[in-house]
Amino acid sequence: MTYPPTSSSGTTDADSFTSAASSHSKKARPESMLLQPPEGPLVLGIALVDFNHLVGPKIEFCNGDIFHDEEVAKILPFLALPDGAHLSLEDYSYFHLVPNAPIPTTIFGISCNRQIPASVLLVKDVDVTRSIVQKAVVVLVSKPVFGPIRDRLGVVTRALFEQRDFSDTSILVDFGASLEVSLRTQLTESGLYIGSREFVHTFRHRTLVLLKALMCQKKIMFFGHPVERLCTYQYSLISLIPGLLQTLDDCGSPPLAARAPTLSCPQSLRTSDRKSMMAYMGLPLDIFGKDAFFQPYLPLQQLDLLKDSQGWLCGSTNTIVAQQKEVELLINTETATLEFRNPRLERLMGLTAADRKWMDEIVRDVNDAWDDTDPTKPAMHFKGSDDYLRTKFEEYISAALASVRYREFLAKGKGNNVIITGTGKWGDDNSIDDFNPLWISEFTKTTAYDVWQRSTDPMLFDIVEPRHPCNEKPSVVSDFGLRLSEGLQELKLEQQLAPTREAISRTITTGSTNFFKAVEGVRGRWQQRSASSTSFNSDPTSSTSETPVEISKSEAELSSSPTIEESKPNASRQTSWDSVPSTPTRPVSVAQAASEAKAALGTLGAGIQSFWSSRASRFSMSRSSIASVASTDSSSTATGTGPPASPFSPTQHSRPSVGTVEEEPEHELGHKGYDMEEPSGMAF
């Protein structure tokens, strides 16, 4: 048996479907298409929530029948005023509620919280006991149309606070009435979407990792401040799955699963109708169906929901919630980092080489259209815009689902011994490998896959080509380059090194300032010293008298002896040292400094020569005096007469001393018969 059977005509049904699908992918997304409005009112109620320092948050004013529900009234204050709301002047919170009704469904809420000093209020309640008053204005709607509501809610909240009188709530009543009319006339598909450009710009390639984890219904939690960014990132993620924002009626609580029983395999297809095409492909996926829920902000009062569910997507600003053991993947919105609490999950959600190359092109397009000065500015072209991102991820998800159907088709034919020819005509036989087989296998174990399988045509690959959307197979070298580049991006070197760079710059600036101050101080002291040296040289008398001269003990004894030549050595010494000039003033040039240094060295040399000349003459005279004393002692000893032994006698071993004698010229010593040998025992 051979499949497919031979066709009589040259054109097959698959060719016609393929051409229709390709033409459909080229069409722009019909963002102006009106959505089906709800049967009841769109705006369910307006409320004012106050933070009381004694009892906590409470509803101060409400307008709408929805607030008569006990469950809504009990949990709403904790959702409207989240933990850490006091950290910012203005913040927004998105949340979901499920009223206690016969047919329960999800209600969508958005709040704008602000704070004002109590001292500026015109009317103060008795409950105002602190310096800051914090309140939030809440809007509850039946559809997640947060985009059109947010800007108007912010304006009304600021106007209410500028009244400085919260007892007058007429502005809230008028706001609820006008909001109902405006939302019904502007209820379009684009009104549901919250910008995805910032999300992709922040998480880059990890955006696809988060999408894979969401499709596998893992337990994902976003954590960080502010609350608006926390909630916006989650809505940006689910907006990447086609049509999911329009089918969130069951996302408020794990037991809700009203949509899944209504789904069935379509019996017809109109390629020109977007809804018909999505139904044929089994989109949107039933991600938040049975045993799964979605809560953009999860307070401590709903902590039990984490334990009663098999999969969820939620956010929190409380570390107690983030530290729960049920969390499998934690995303820090402040640092844009992913923490896999389940080590196995990181390998299951890993990206292939084709995934990295495909995401690299998307990230490049987003960054090219990104304006750092104004992140909220929309892209001027289709590439890099929110519509572009949703189109690209819809293409990826559709191709992955078609590859799953194609693999099942090949496995069924192989099990029934059916020879299938021309398989390359529909797609790649190994296309699953480009999407990560571990991820595909994990997806087939989810409840969302079970619902999708029974509501999708088995020949889905006839419409969507079962091939990875990456244009060409990446090489090993290029894939290594992408891995390296993305690894460097994840390190966030610019942010991590910014404090170090600032500290180094600050240290260098301080050090250079201190260095120049020190140089100026040294220069000032040098100039003062030069000025004092100049005045010192101008008064030689005072300089001579103030300069101390060191003498030995022997010289002190000699100075006490009455001799006529007492002052000659000192005079010669005084003259020789006075000939050395004092420190010159600071030279103004290198040549002048060299000439002055040469003159100073010459003068110093002359002074040293004069000093040693006086010392040599004195030394020679001392030796002649000692020789004469020695001859006298010898003669007196031989005759036995004479005075007692002189202290100058060499036979005595006491410490000799030198008397003051008359100096004679050195050239006359040889003619008078002086012994030139130095006597033993003498100390100089």
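**Note on rings, charges and one open sheet**

1. In this predicted model, the charged end of Arg114 is placed over the ring of Phe161, at 5.9 Å from the ring's centre. A second arrangement of this kind involves Lys212, whose charged end sits over the ring of Trp439, 5.0 Å from its centre.

2. Aromatic rings also pair with one another, and the count comes to 18 aromatic pairs. One of them joins Phe382 and Tyr388, whose ring centres are 5.7 Å apart and whose planes stand at 90°, so the pair is edge-to-face, given that planes over 60 degrees apart count as such. Tyr388 has a relative accessibility of 8% and therefore counts as buried, the limit being under 20%.

3. Tyr396 and Phe435 make another edge-to-face pair, with 5.3 Å from centre to centre and 65° between the planes. Because Tyr396 belongs to helix α13 (residues 386-415) and Phe435 to helix α14 (residues 431-435), this pair ties together parts that are 39 residues apart in sequence. Both Tyr396 and Phe435 are buried.

4. Elsewhere, ring pairs link Tyr94, Phe146, Tyr235, Phe288 and Phe294 into a cluster.

5. Turning to the strands, an open sheet of 5 strands follows the order β8-β9-β7-β10-β11, and its pairing is mixed. At its edges lie β8 (292-295) and β11 (337-340), each of which pairs on one side only, while the twist from one strand to the next averages 15°.

6. Strand β10 (residues 329-332) runs antiparallel to β11 and is joined to it by 4 bridges, and Asn332 stands opposite Thr337 in β11. Helix α7 (residues 206-215) packs on the sheet, where it touches β7 (219-223), β9 (311-316), β10 and β11, and its direction makes about 40° with that of β11.

How values were computed: Residues numbered from 1 in each chain as written. Predicted model: local features only at pLDDT ≥ 70, side-chain atom pairs only at ≥ 80, totals over all residues. Heavy atoms only, no water. Phe/Tyr/Trp six-rings, centres within 6.5 Å; stacked < 30°, edge-to-face > 60°. Buried < 20%, exposed > 50% of the residue type's maximum accessible area, 1.4 Å probe, protein only. Helix = DSSP H or I, 4+ residues; strand = E, 2+ residues; numbered from the N terminus. Lys NZ or Arg CZ within 6 Å of the ring centre and 35° of its normal. Pairing = 2+ DSSP bridges. Axes fitted to C-alpha atoms, helices over the stretch in contact; angles between N-to-C directions. Contact = heavy atoms within 4.5 Å.
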